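Grab a pencil and work through these exercises at your own pace. Each task is followed by a solution that goes step by step.

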Amino acid sequence: MPVNETFKPTIVAFCCNWCSYAGADLSGTNRLQYPANVKIIRIPCSCRLNPMFILRAFQRGADGVILCGCHPGDCHYTTGNYYARRRMTLLFSLLDYMGIERGRTRVEWVSAAEGAKFAATMNDFTETIIKLGPNRRLEDLRCKTE
Amino acid sequence: MSDWTQRIQDISGVNPRKCMKCGKCTAACPAYDRMEYHPHQFVDMVQSGRVEELMASRGIYTCLSCFACVERCPRNVEPAHIIEAVRLAVIRQQGGNHMKPDQIPGLLEEDLPQQAITSALRKYSKGG
Amino acid sequence: MQDRVMEKAAALLESGVCTRVLGWKTGEFFYDVTPAVFTSAEEVRTQMVYNPFCGPNLSKYLIAESRKEGKIAVFLKPCDTFSFVQLQKEHRIARDKVYAVGVQCDGMIDMDSLKALGLRGVTAAREVGDNLIVSTLYGEKTVPRREALSLRCRVCKSKRLNDCDEIIGEQGGDLPSDRFAQVEALEAMTPEERFAFWRSELSKCIRCNACRNVCPACSCEKCVFDNPGSGVRNKAAADSFEENLFHIIRAFHVAGRCTDCGECSRVCPQGIPLHLLNRKLIKDMNQLYGPYQAGADFDSKPPMLAFTPEDPEASIITNGRDGQ
Amino acid sequence: MQRIGVFVCWCGSNIAATVDVEKVAQTLAQEPGVVYSTHYQYMCSQAGQEMIQNAIREHRLTGVVICSCSPRMHEATFRKTVEKAGLNPYLLEIANIREHCSWIHKDKLTATEKAVILGRAAIAKVQLNAPLTAGQSPVTKRALVIGGGIAGIQTALDIAEAGFPVDIVEKKPTIGGKMAQIDKTFPTLDCAACILTPKMVDASQNENIDIISYAQVEKVQGFVGSFSVTIRKKARYVDETKCTGCGLCTEKCPQKKVPNEFNLGLDNRRAIYIPFAQAVPKVAAIDPNYCTMLKSGKCGVCAKVCTAGAIDYKQQDQLITREYGAIVVATGFEPIRLDKFDEFAYSQSPDVVTSLEFERLMNAAGPTGGTLLRPSDGSHPHTLVFVQCVGSRCDGGEKGKSYCSKICCMYTAKHAMLIREKYPDTEVYVFYIDVRTPGKNFDEFYRRAVEEYGVHYIKGMVGKVTPQDGKLKVQASDLLGGRQLRIDADMVILAAAIEPDKTARPLATMLTASMDTNDFFTEAHPKLRPVESPTAGIFLSGACQGPKDIPETVAQASAAAAKVIGLLVKDSLTCSPCTAKPDELMCNGCSSCEKVCPYGAITYIDKPFRGPNRTTLIRRVAQVNPAVCQGCGACTVACPSGAMDLQGFSNQQIMAEVDAICR
């Protein structure tokens, strides 16, 4: 399909400040490449991620949204990622139930030491989104400027 | 890295660069006295690209594949697998028989387990 | 039952146990029963009803009513009592200002079920034993009561009356219910089919907010959809995305708090099966985090406000539970 | 109207090589609200900072966006910069165009495009930033040290010396730790007890130090400056205040067959015991697993002989809760279990011992009174073989520890030297992979073992040890000599790898302090903040952070103490103003937020509100204690009405970023 050659997905990565944002920094420090499609938004903790932010991203034309946080048990705030895990599991399940492609959302735990994992995750996620193609099922056409 | 190093690495699935040269493999090897190269040297020779020398050596057939070195290696380098890969490289290179039944009497030695000879013959005389 | 409920209401007012009674009265049509507050025994005797059409869940009105002067008596069906307890858990109802009377319920009838039985021009209906005698413009018809039950009552999860000061009729217990059958049917579809299903349903939404207004869990002081600061404020869905957005957020906000009373679907003028969104989340939470029934008790912790370190990862959804 | 300034940093060539900084500055200048946009070589340099400050004054900026390295690097720096120019420090946002852009992309066009988008997101966010003022939280001027080994003792002594009260919690009945079990110390060969026990006495006599022995931490609440810690003091069945430590009970107790853990099970002790002669506190303890009285109610000998009346069979565990401003972890290490290394016959022969066991066998207070005797038959050993790196430097996982245990080379040299000095009739072999001796006078020490004491250092590992006819047949390879060795040894001493104490992992969870995969505590920065945990108020001392010898441990212990003192001298700490804030008008009072708050920062009050028709409504609304709130944001998502928001990361700010990125 020609779409795959020209399709440049927009991917939003929400990263918790303490582990994953630092992990992303580390992958930069180690010069590990991942696609420029991925744009990172810093949040204090994975539990700060409101499902509304994910829907907002899709509304404005994101093709994929990924949440990265500390590994379970390592949350800087002790328990934040446990709540995030439940919230995201249920949100993703509901989106799947409504027929939205499963691959468009993902949760990945990346520690501050896992720069390589961060880059690998972003490469893999971008590949998944490119395979899925543009987000058509959950988008607000008015928000598309192009 | 020489082609041979890469090929042995591909066949064996072992990375010889993980070796820290502690020699525990050699210390654990029951066939030490019958080898001109010893397990830690196998690893070193593969790593430094001296594979052809190793292929020409009789020592590689003295390895019993008892896996003591694999078991003991603290770094999962698995010398026995490297040796097996070298033996396979020899077979693949020559294609034909590497060992014939009439060679056996000459190979027999008092201390050498007969199983070693039998298994070597099975493995290296597939051409019939 | 109608008489016992009315007598109790009148007696409670007359004896001064309460100053007001929250019950039901008939609206424009006989089947159109609406919640009402009565302040005198006379009002009760002339207007109050308790009949098989008393579907509306009264518990939500207690949020406002229990803040007023004086005590209010309320009549609650078993499913209403779950909302009653849940709202107390959320500190929304002042329990000491409420006198709760539990009413045994044999399931409610609704017009959709009568229509489905082929009845037209219905003018009245009364219960006689296990049957329902329906008066229509074309004469009287007798139908078995259970065949006229509303869809939600056919999969009733519990006849238990929670936290009541008094009970009229008999206390019931939890029932085996296959209320998740419809959810399972949807789950069995392909994503494309599910998408098509929800698109066709949600595209009917006119954003009348009836679901939100009736829902006992949707009782926020100010809804995020009305709040300019929330970033998702909207009055009317402008396109398919906003139709989805409203219902996803709503389902998510009531997750772990929804008692599955089914009011959302009952009031939807467009007939969208909204309860299937909530039920999906209930089913998921039961499966993933252990059985939980909102409003069943005062002590259990709602699954969205709890966790265990062993919880499954979100990848069981994104990778597919069945490895798809 | 916002007046935003944008400053794009080149970071030398780090950013400028892959991002067209000039184009970024030009493009961002077109964004709404931006009144000034520029670029410069090093924004973090003094000249760069002055440039920002001048622009703030000249252009009356209301918000600043710096496109540079990660905010984790210089956010604090730039906040100070803008504050000095009179701008609220929280009206600053950083777009990370180095770690998240220039360093990961090669194509200049792509990287420039992405840098612009990241800049836009920061501009969109800063438009919504509100000036925030940091609050203050008080500091409890008391420290807790967890672990009473040399690390914990040294840290406690240094903190106490500075005038702050400090508690040591030790899980054993006495402080002293591993160092108390060691015979001599390298590279000076002075006796460990001679230098340790005075410190133990100092600690017990210091007015500022409270030693809580035979105890463990059970619960930790709070945060830097105000931790509340619950400590379980286990029942020792002896009243600490009455016991004089005379030791009569430990001589009369009829239960004699209890393995003596201080001597690593090489001899026995009684059921009531004082771990060793110089124990602090010098108070007996009853081992409930062996005491006949506690198990069956029959005996009571110790109570009868105790003239002080200190024995109390009814004693219960005691829970102590105290407040602390700082916590120091000094949980130390343990040698690993050797059951996975049976090629060395550790479980088959008593003559194969670990190095720590060997310390006891050489020690004058040890089971043999300091004479080196074979554990199996008490004979004098002539041939001794040391094996290095047992379980260290492995491939990880099943094989053993991936790290070097660091101390083994030196203590093995020490052991070899001591044997040769005391018993010149012995042959001592040390099998090594590498000899690692970085440290002052360390290599000289090792060379002395070889050159003066004639210890045989052989490059190569031992392959197998077989007990046979009262000897240990050691099969090994001399890799440099190219020969196979078979040595009939009398004893084999294994340098077992060391690992963090088992109590460290659950403790880390309680402290929310992070650990690496080996269960060593992680430091806040491996080079620049080596004695602090990333969790504020938690400090690291000794081997809990990684393998260490005594001099290093003591140095780190004092460093940790210095950090603690630096914290405790403050009367209050500035807290982050990025805390949760409820909108009372929208709050339902439903308690959802309270249930997910890990800090207990949320409480509720009944508050009157004006209702319709001049009525007053009392509503239950949430209140956040900003000193306790750490700003995780869990409550903001739990709140169904959206009444709870997080300052600095508000719903609107994050959505503005999303919009800018997805536009």
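**Exercise 1. Get to know chain D.** Work out what share of the contacts in chain D with a separation of 6 or more comes from residues 24 or more positions apart.

*Solution.* Start with the term: two residues are in contact if their C-beta atoms, placed from the backbone, lie within 7 Å. For chain D, 70% of the contacts with a separation of 6 or more are between residues 24 or more positions apart. Before going on, note that this is a predicted model, where local features need pLDDT of at least 70 and side-chain atom pairs count only at pLDDT 80 or more, while totals for chains, interfaces and linings use all residues. Residues are numbered from 1 along each chain as its sequence is written, and chains are lettered from A and ligands numbered from 1 in the order in which they are written.

Next, the elements: chain D has 19 helices and 34 strands. Here helices (H or I, at least four residues) and strands (E, at least two) are DSSP runs, numbered from the N terminus. Last, burial: of the 663 residues in chain D, 53% are buried. A residue is buried if 20 or more other C-beta atoms lie within 10 Å of its own, exposed if 12 or fewer, and partly exposed in between, with C-beta atoms placed from the backbone.

**Exercise 2. Meet the neighbour.** Find out how many residues chain D and chain A each bring to their contact, and which helix of chain D gives the most.

*Solution.* Count first: 36 residues come from chain D and 39 residues from chain A. Then look for helices on the chain D side: helix 5 (98–102), helix 6 (108–126), helix 18 (634–638) and helix 19 (651–662) each supply at least two residues. Helix 19 of chain D gives the most, with eight residues. Finally, sort the chain D side by class: 17 nonpolar, twelve polar and seven charged. (Ala, Val, Leu, Ile, Met, Phe, Trp, Tyr, Cys and Pro count as nonpolar, Asp, Glu, Lys and Arg as charged, and the others, Gly among them, as polar.)

**Exercise 3. Cross some helices.** Describe how helix 6 of chain D packs with helix 19 of chain D, and then with helix 2 of chain D.

*Solution.* Take helix 19 of chain D to begin with: its axis and that of helix 6 of chain D come within 8 Å and cross at roughly 150 degrees. So the two helices are roughly antiparallel. Axes are lines fitted to C-alpha atoms, for helices over the stretch in contact, and angles run from 0 to 180 degrees between N-to-C directions. Angles under 35 degrees count as roughly parallel, over 145 as roughly antiparallel, 65 to 115 as roughly perpendicular and the rest as oblique. Among the residues that meet here are Ile117(D) and Ala121(D) from helix 6 of chain D, and Ala656(D) and Ile661(D) from helix 19 of chain D. By class, this contact has six nonpolar, one polar and four charged residues.

Now helix 2 (residues 21–29) of chain D: its axis and that of helix 6 of chain D come within 9 Å and cross at roughly 40 degrees. That is why this pair is called oblique. Its contact includes Val24(D) and Leu28(D) of helix 2 of chain D, with Val116(D) and Ile123(D) of helix 6 of chain D.

**Exercise 4. Go inside chain C.** Is helix 12 of chain C largely enclosed or largely open?

*Solution.* Check the burial: eleven of its 15 residues are buried, so helix 12 of chain C is largely enclosed by the rest of the structure. Then ask what covers these buried residues: the list includes helix 4 (80–97) of chain A, together with helix 7, helix 10 and helix 11 (263–267) of chain C. Just after helix 12 of chain C comes Gly290(C), with a positive phi of about 95 degrees.

**Exercise 5. Spot the odd backbone.** Which residues of chain D have a positive phi without being glycine, and where is a peptide bond cis?

*Solution.* Recall the usual case: most residues other than glycine have a negative phi, and most peptide bonds are trans. Tyr237(D) has a positive phi of about 60 degrees, and Asn613(D) also has one of about 60 degrees. Tyr237(D) is buried, with 23 other C-beta atoms within 10 Å, whereas Asn613(D) is exposed, with 5. As for cis bonds, one runs from Phe186(D) to Pro187(D), with omega near -5 degrees. Another joins Val280(D) and Pro281(D), where omega is about 0 degrees.
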